Amino acid sequence: MRTRNAGRIVLALTATGAVLAPPALAYAEEPLRVDLRADVDRDGRVDLAGDTDMTGEDTWSVGRGAVFLPNIDDDSKRCPTTGPGGRRLSDAKLAACNDASDKKVNGRADAADLARVRSVPLKNLPSGAKGSVKVTKGADRSRVFVKRNGAWKLVTSQTRLTKAELAAGVEFGVEGKDVIRDSAKWDGHVSVRLKVTSSAGTASDTVTLRAAPLLTHHALQNTQQLLVTKIKGNDPWAKHQRKFVKNLEKEAQQAGITKPLVTFEKYGDIWAQDFVEPAYLNMTGPDGRQRTMRVMLRSAQDREAGRELYEKLRGPNIGVVQAKGRDMQGWETLNSYGNLETIPPYAHNGRSFPAGRIIMGERRDGSGVRPSKEIRTLLTSQGLQDPLLLDTSWLHVGHVDEFIQFLPADTPRGWRIGVADPEAGIELLRAAQRDGHGATKMFSVPGFDGTSAPKETIDQALASRYLVKDNTMAAGKIAANLEILKRETGVSDAEIVKVPALYTRGMETGDEGTRVPLLRRLGGSADPEVVERHGQQQLLGRDGNANAGASAAPAPETVMTSAYVPGAVNGILLSRDRYLAPRQWGPVIGGKDVFTEAVTAAYTGAGMKVSYVDDWYTYHLGMGEIHCGTNTLRDASAAWWKP
């Protein structure tokens with residue numbers, strides 16, 4: 001809040017009896033008027049001459065108010081990834097280091113991460129005038145630096161500003177030590193006060209800034225780079241997985257993605273979607289351009305792959321945030337980030353989400369399992385993307401990416417919902433059966449590494465005990481989730497793209513003789529060196545359980561399923577109009593895969609060009625698809641406060 005304590009007026013008096021001296025002998029010192037300003041209008045410039053940065057300097061809203069960055073990247077690459085002698089650092093020590101963990105400004109790049117605050121030059125200051133700076137709110141969450149002789153110096157309780165500095169105007173830089181994690185404990189606000197004392201009295205002024213919100217990406221932000229795990233080893237499965245990586249790279253290049261793949265190669269965890277969620281922070285920098293910092297949000301799980309975010313990715317303009325305390329335990333599947341997607345920006349029923357809105361899945365099956373409370377609190381505390389929970393209790397792994405996605409569209413809204421359609425999947429099989437193709441093999445995938453391909457036919461699939469029943473159930477669950485999304489976003493049926501799919505409660509396809517060996521089919525590496533070095537968790541399926549069970553005991557009547565035919569919605573949006581889906585390997589009739597034809601038609605009707613990559617043995621049999629095994633870095637340069 002702006003406070004102005006005017007200096008005293010001093011009158012020179014002479015006494016001749018009770019008569020004052022003539023007015024010509026009186027003089028006065030002008031009152032002090034301290035004026036501290038920040039970039040309230042977010043144009044990158046602190047306006048000292050006009051009033052554009054005066055109104056609202058002590059308040060904050062989504063559309064107006066000064067912003068500072070949590071300075072959690074490592075611009076000078078000073079943070080260690082190993083201890084003395086190459087010793088392994090703990091997760092806590094890895095997380096403890098970033099640019100805000102010291103009391104220095106580490107070069108020009110680090111200085112660019114500072115939000116600027118400036119004082120209006122003070123004229124006609126009396127001799128002996130001095131200034132001091134104090135953070136009156138959020139002091140333990142931030143640091144303030146003062147620029148002196150071209151260098152940034154930490155402001156402490158002992159810092160004093162000279163008359164000359166105050167007369168010239170002072171520049172300050174503000175950084176945050178961490179992202180907002182719990183708004184009940186800290187709402188992200190920092191208030192900085194400049195106080196000036198002189199013979200003319202004392203005056204002060206205060207400005208308020210807020211930490212930039214940590215935001216997740218949405219489908220309207222262009223894909224700039226892909227992330228994927230590359231498995232080491234010479235066994236057939238590892239070679240097959242590396243072939244997938246090579247094919248992925250080709251698809252990215254054909255879609256116009258020029259940056260090379262980022263490959264995780266140290267820990268053998270193939271589910272690159274799950275152990276990290278790319279997010280970002282941004283503000284307008286001093287040059288008027290958006291200053292963007294990528295943040296790798298590590299999953300609240302005890303999985304080693306998250307360490308590689310620090311060891312490989314953390315650096316200039318890239319930070320890492322992980323959960324703390326008890327949340328970083330176990331492999332709870334709902335804490336995987338395949339269970340976090342983001343609705344593109346929208347406004348509906350008086351609520352606006354200019355940066356999009358997060359969706360996550362929870363189990364409404366009596367088990368009471370929800371994603372990490374700490375992560376949900378963190379996401380909610382940003383104040384912009386209020387997570388919406390959907391019911392994923394009907395899915396074995398329980399991730400929202402198994403049945404729903406968001407696609408760019410040339411519509412007033414700018415996007416559509418893509419959703420799995422189990423009823424359409426069953427109808428494809430029934431239509432083939434009616435046309436006399438019931439004896440056609442259900443799957444056209446070839447065998448691999450000494451195992452034969454699945455042998456069941458369309459007739460056998462439709463006659464199985466559970467397939468039709470499970471997909472009827474899945475269709476009902478998906479419809480219920482769609483109703484939630486329609487109610488919350490205003491999306492109409494015409495804005496929904498239905499993509500044929502099939503689910504099954506059984507993990508196996510075919511009889512015992514056609515099963516892929518357990519360790520390989522559940523994902524991870526079969527390389528003995530990887531197993532010995534990193535433990536059993538690397539050999540597990542996407543839910544992280546050796547028996548592929550759910551995260552907690554469900555209610556007795558609960559049926560949990562996973563994709564039977566590779567889930568087409570569980571793919572990658574390579575560009576605004578190019579989509580990469582998992583190869584379907586469905587029944588081939590008349591030389592054409594009936595599922596591929598139907599999936600292509602669905603996406604083509606939505607204005608997308610579709611290509612396919614094989615993930616059957618690399619991801620599908622581990623209850624995931626190519627979306628589960630990859631991740632995307634997207635363009636986050638647009639201002640999140642602008643609709």
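**Ser-191, two cores and a helix crossing**

Author: In this predicted model, Ser-191 is in contact with Lys-134, Val-135, Thr-136, Lys-137, Thr-206, Val-207 and Thr-208, leaving aside its neighbours within four places in sequence. Ser-191 is found in strand 8, residues 189–198.

Reader: Why does Ser-191 count as buried?

Author: Its relative accessibility is 9%, and buried means under 20%. Ser-191 therefore counts as buried.

Reader: What is Val-192 in contact with, leaving aside its neighbours within four places in sequence?

Author: Val-192 is in contact with Leu-36, Val-133, Lys-134, Val-144, Val-174, Asp-205, Thr-206, Val-207 and Leu-209.

Reader: Which residues touch the most other members of the largest nonpolar core?

Author: Phe-172, Val-192 and Leu-281 do, in a core of 64 residues. Another core lies apart from it, with 42 residues that include Phe-443, Ala-461, Phe-595 and Trp-616.

Reader: Phe-595 is also in the contact between helix 7 and helix 12. What makes helix 7 oblique to helix 12?

Author: The axes of helix 7 (residues 422–434) and helix 12 (residues 594–605) cross at roughly 135° and come within 11 Å. Roughly antiparallel needs over 145 degrees, and roughly perpendicular covers 65 to 115. The angle fits neither class, so helix 7 is oblique to helix 12. Helix 7 passes helix 12 in a right-handed crossing.

Reader: Which residues meet there, and how do they divide into nonpolar, polar and charged?

Author: Gly-425, Leu-428 and Leu-429 in helix 7 meet Val-594, Phe-595 and Ala-598 in helix 12. The division is 5 nonpolar, 1 polar and no charged. Gly counts as polar, so Gly-425 is the polar one.

Key:
Residues numbered from 1 in each chain as written. Predicted model: local features only at pLDDT ≥ 70, side-chain atom pairs only at ≥ 80, totals over all residues. Heavy atoms only, no water. Axes fitted to C-alpha atoms, helices over the stretch in contact; angles between N-to-C directions. Helix = DSSP H or I, 4+ residues; strand = E, 2+ residues; numbered from the N terminus. Parallel < 35°, antiparallel > 145°, perpendicular 65-115°, else oblique. Left-handed = near helix turned anticlockwise from the far one by under 90°. Contact = heavy atoms within 4.5 Å. Core = buried A, V, L, I, M, F, W, Y, C linked by side-chain atoms within 4.5 Å. Buried < 20%, exposed > 50% of the residue type's maximum accessible area, 1.4 Å probe, protein only.
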